[in-house]
Amino acid sequence: MKILVINAGSSSLKAQLIDSKTSKVYAKCSCERIGLDNAFIKFESDKGKTKLDYAMKEHSDAIKGLIELLLSDDYGCIKNMNEIDAIGHRMVHGGEKFVKSVVLDENTLKAFEEIVDLA
């Protein structure tokens, strides 16, 4: 099962595409300086490594760059997004209620909103 794991910070986004059964890392990505001048993306897969200047005004631009690289002929490791079985995101702080992975739904979103001040 291929899982895209994301960790978004205030001006960065880090991601890995991993196989949950074998622990194989298909790709690593680091988007830096989001919202700032001189933003860039570092990307690594079995096809090689690259560092690209990439304008990222917001995190959605970083996700776009990540997807472009995952699918690229030069560095990509998947042919289409359907190859990704799940997406996970690290939350800054889960309080006492969230001590392990959870499925994101209306109830968990509401509970996260209640503890947002912990971050």
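**Helix capping, strand pairing and core packing**

Asp105 caps the N-terminal end of helix H2, with a side-chain oxygen placed 3.0 Å from the backbone nitrogen of Asn107. This geometry, like every value reported here, is taken from a predicted model. Helix H2 spans residues 106-114, and Thr108, Ala111 and Phe112 are buried within it. These three residues lie on the same side of H2, because they cover an arc of only 100° around the axis. Such an arrangement follows helical periodicity: an α-helix has 3.6 residues a turn, so residues three or four places apart point the same way. The face of H2 turned away from the buried side carries the exposed residues Glu106, Lys110, Glu113 and Glu114.

The largest nonpolar core comprises 21 residues, of which Leu4, Leu13, Leu17, Cys31, Met56, Leu66 and Leu70 touch the most other members. Two or more residues are contributed to this core by each of strand E1 (2-8), strand E2 (12-19), strand E3 (25-32), strand E4 (40-45) and helix H1 (59-71). The surroundings of Leu17 were examined with residues up to four places away in sequence excluded. Under that condition, Leu17 touches Lys2, Ile3 and Leu4, then Lys24, Val25, Tyr26 and Ala27, and further along the chain Leu70, Cys77, Ile78 and Ile84.

Strand E3 is joined to strand E4 by 6 bridges, and the two run antiparallel. Within this pairing, Ala27 stands opposite Ser45 of E4. Strand E4 also pairs with strand E5 (residues 48-53), again in the antiparallel sense and over 6 bridges. Here Phe40 is found opposite Asp53 of E5. Strands E4 and E5 form a hairpin, with 2 residues between them.

Two serines illustrate how polar side chains are accommodated at buried positions. Ser30 is located in strand E3 and counts as buried, since its relative accessibility is 15%. The side chains of Ser30 and Glu32 are joined by a polar contact of 2.4 Å. When neighbours within four places in sequence are left aside, Ser30 is in contact with Leu13 and Lys14, as well as with Phe40, Ile41 and Lys42. Ser72, by contrast, occupies the loop between H1 and strand E6 (86-89). With a relative accessible area of 19%, Ser72 is buried, because this value falls under the 20% limit. A polar atom of the Ser72 side chain lies 3.2 Å from the backbone oxygen of Leu69.

The cysteines were considered next. A disulfide is a covalent bond between the sulfur atoms of two cysteines. A search of the whole structure returned 0 disulfides. For Cys29, the closest cysteine sulfur is that of Cys31 at 3.9 Å; this separation is too far for a bond, because a disulfide requires the sulfur atoms to be within 2.5 Å. Cys31 is accordingly in no disulfide, the sulfur of Cys29 being its nearest cysteine sulfur at 3.9 Å. Both residues are nevertheless shielded: Cys29 counts as buried at 5% relative accessibility, and Cys31 counts as buried at 0%. Cys31 is also among the core residues that touch the most other members.

Methods. Residues are numbered from 1 along each chain as its sequence is written. This is a predicted model: local features need pLDDT of at least 70, side-chain atom pairs count only at pLDDT 80 or more; totals for chains, interfaces and linings use all residues. Side-chain values use heavy atoms; hydrogens and water are left out. A nonpolar core is a set of buried Ala, Val, Leu, Ile, Met, Phe, Trp, Tyr and Cys residues joined through side-chain atoms within 4.5 Å. Buried means under 20% relative accessible area, exposed over 50%, partly exposed in between (1.4 Å probe, protein chains only). Helices (H or I, at least four residues) and strands (E, at least two) are DSSP runs, numbered from the N terminus. Contact means heavy atoms within 4.5 Å. Two strands pair if DSSP finds at least two bridges between them. A polar contact is a pair of N or O atoms within 3.5 Å; within protein, one must be able to donate a hydrogen and the other to accept it, and residues adjacent in sequence count only if both atoms are side-chain atoms. The arc is that of the directions from the helix axis to the C-beta atoms.
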